[in-house]
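Reader: I am in my first year and would be grateful for a close look at a single part of this structure. Would you please take one strand, together with the elements around it, and describe it step by step?

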Amino acid sequence: MPHHQTRIQGLPVSGIAEEFGTPLFVYDAQSIGDDYRRLRDGLRPSVDIFYSLKANPNISVSACLRSLGAGAEVSSEAELFTALRAGFAPEDIIFLGPGKTARELAACVRAGIRAVVCESFGELRRLDRVAALSDRAARVPVMLRVNPPVPTSGSGLAMGGKPRQFGMDADLLRGSRAELASLRHLRVTGIHAYLGTRFLRHEDVVHNTRAVLAVAGRLSEDLGIPLGTVDFGGGIGVAYFEHEKDPDLGALVDGINDAVDDFARTHPGCRFILEAGRHLTAASGTYVVRVLDVKESMGETFVVADGGTNHHMAAVGVGSFVRRNFPLGVLDHRGEPSTMRCTVTGPLCTPADVLAKNVTLAAVRPGDLLGVGRSGAYGPSASPGRFLSHGYPAEVLVHDGKAHLVRRRDTLDDLLDPQTLVEL
Ligand SMILES: *Cc1c(COP(=O)(O)O)cnc(C)c1O
């Protein structure tokens, strides 16, 4: 069962919060390394692991994954430059996303990244024009993102197999041989597909991998394109809630290896990309908030903290069907028994700002610190941080037993300076 951490590499999380203030995200580089290596050590060398910066775009978190050997999967100009500045080599970066601007396409061409993952025929034509204008002699490498006609297996959030803004339908791609041949400045180097996220069952990830490989193999034949790379996505989940279990990584790795071994028989030399965001950073992160108030309302106890939805929308359950609690607990535990039944809320003026509903904690008083575990992915960057103008929280990365501030919290000036006061 997932739980929150009170120490990171021996350092008390409460001490880190005293030093850097709250609300605060603390990431454990060792946990990121452990999760990365568990995949890397098991997977065939032909499978590259690409870190999806979307999950946690902090530049030092990204650099941590680069130092471990991951590639980078980015989806905006700022993510591309984060990856470059974090030290990823251009040939270890891919760029994807359904709405790429001309400026982003030009930045990809200029940087010379491994591939632009193209998501429509219009985008292929736009990129071809951008490539024509560049002074690079070589054709620009692209992968074709396919929306395969296979339903996503399992309980994850489905991204393919139905009408979607992502990628190109396999049927449409199949008839596009002439169109692809007309793109004089591009070179198709592979196929990409991403079938969903939050898969907890290894069987589902393996099923999806096999499905993508099968579609990629057929498309390469139909279109007469060589398969240098197949990117089969990933979407490996982590357990957040009671009764959830982390995926069986040994079985997952074995299943993926079997799938790529089978594929390599007909496509020797083909390389593969496994994309992973959540799985590499979620378990590393703790969201630390300070209790501002403890109060009663109609027989229920409310613990009001200094952060919530505005930094951690996922923990609050926005976008989920059922409200379930992330692992949450008292950090500076005084050894009191867990007997306080309460609901932990954030500071926002909305009843939805609930970090944990009906939890049992050790006695909590104003000034105490609470930690929300498994918070290293889709935290502040995926949350409405400007709501009520609290701004972005501080972020700390613990590396080699030392806590580094890797993002300072927003100041009042950060919030107010971009605005203009007109003379009225
Ligand atoms: C969001 C996304 C990812 C990362 O998903 P995780 O579930 O965090 O691993 C990877 N690839 C694509 C195409 C995505 O949209």
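Author: Two strands are said to pair if DSSP finds at least two bridges between them. In this predicted model, that definition applies to strand S13 and strand S14, the latter comprising residues 271–276: the two pair in the parallel sense over four bridges. Within this pairing, Thr229 stands opposite Arg271 in S14. The route of the chain from S13 to S14 passes through helix H10, residues 249–266, and this β-α-β crossover is right-handed.

S13 has another partner as well. Strand S11, residues 186–192, runs parallel to S13, and three bridges join them. Here His192 stands opposite Asp231 in S13.

Is S13, which spans residues 229–234, mostly covered or mostly open? Six of its six residues are buried, so the strand is mostly covered, where buried means a relative accessible area under 20%.

The helix of the crossover deserves equal attention. H10 contains 18 residues, and from its first C-alpha to its last it reaches 26 Å, close to the 26 Å expected at 1.5 Å a residue. At the start of H10, a side-chain oxygen of Asp248 comes to within 3.2 Å of the backbone nitrogen of Gly250.

Which residues of H10 are buried? They are Leu249, Leu252, Val253, Gly255, Ile256, Asn257, Ala259, Val260 and Phe263. A general rule helps in reading such a list: an α-helix has 3.6 residues a turn, so residues three or four places apart point the same way. The buried residues of H10 pack against both strands of the crossover, S13 and S14. Their other contacts are with helix H2 (29–40), strand S4 (47–52), helix H9 (202–223) and helix H11 (278–281).

Finally, the ligand may be considered, beginning with a residue of S14. Glu275 belongs to that strand, whose residues are 271–276, and Glu275 is among the residues that come nearest to the ligand. The ligand has 13 residues around it, and those nearest are Lys54, Thr197, Glu275, Arg278 and Tyr378. For Lys54, a polar side-chain atom lies 2.8 Å from an oxygen atom of the ligand. Tyr194 likewise places a polar side-chain atom 2.8 Å from a ligand oxygen atom. In the case of Thr197, an N or O atom of the side chain is 2.4 Å from an oxygen atom of the ligand.

Definitions and conventions: Residues numbered from 1 in each chain as written. Predicted model: local features only at pLDDT ≥ 70, side-chain atom pairs only at ≥ 80, totals over all residues. Heavy atoms only, no water. Buried < 20%, exposed > 50% of the residue type's maximum accessible area, 1.4 Å probe, protein only. Right-handed = clockwise from strand over helix to strand, strands pointing away. Expected span 1.5 Å × (residues − 1). Contact = heavy atoms within 4.5 Å. Polar contact = N/O pair within 3.5 Å; in protein donor to acceptor, adjacent residues only side chain to side chain. Near = heavy atom within 4 Å.
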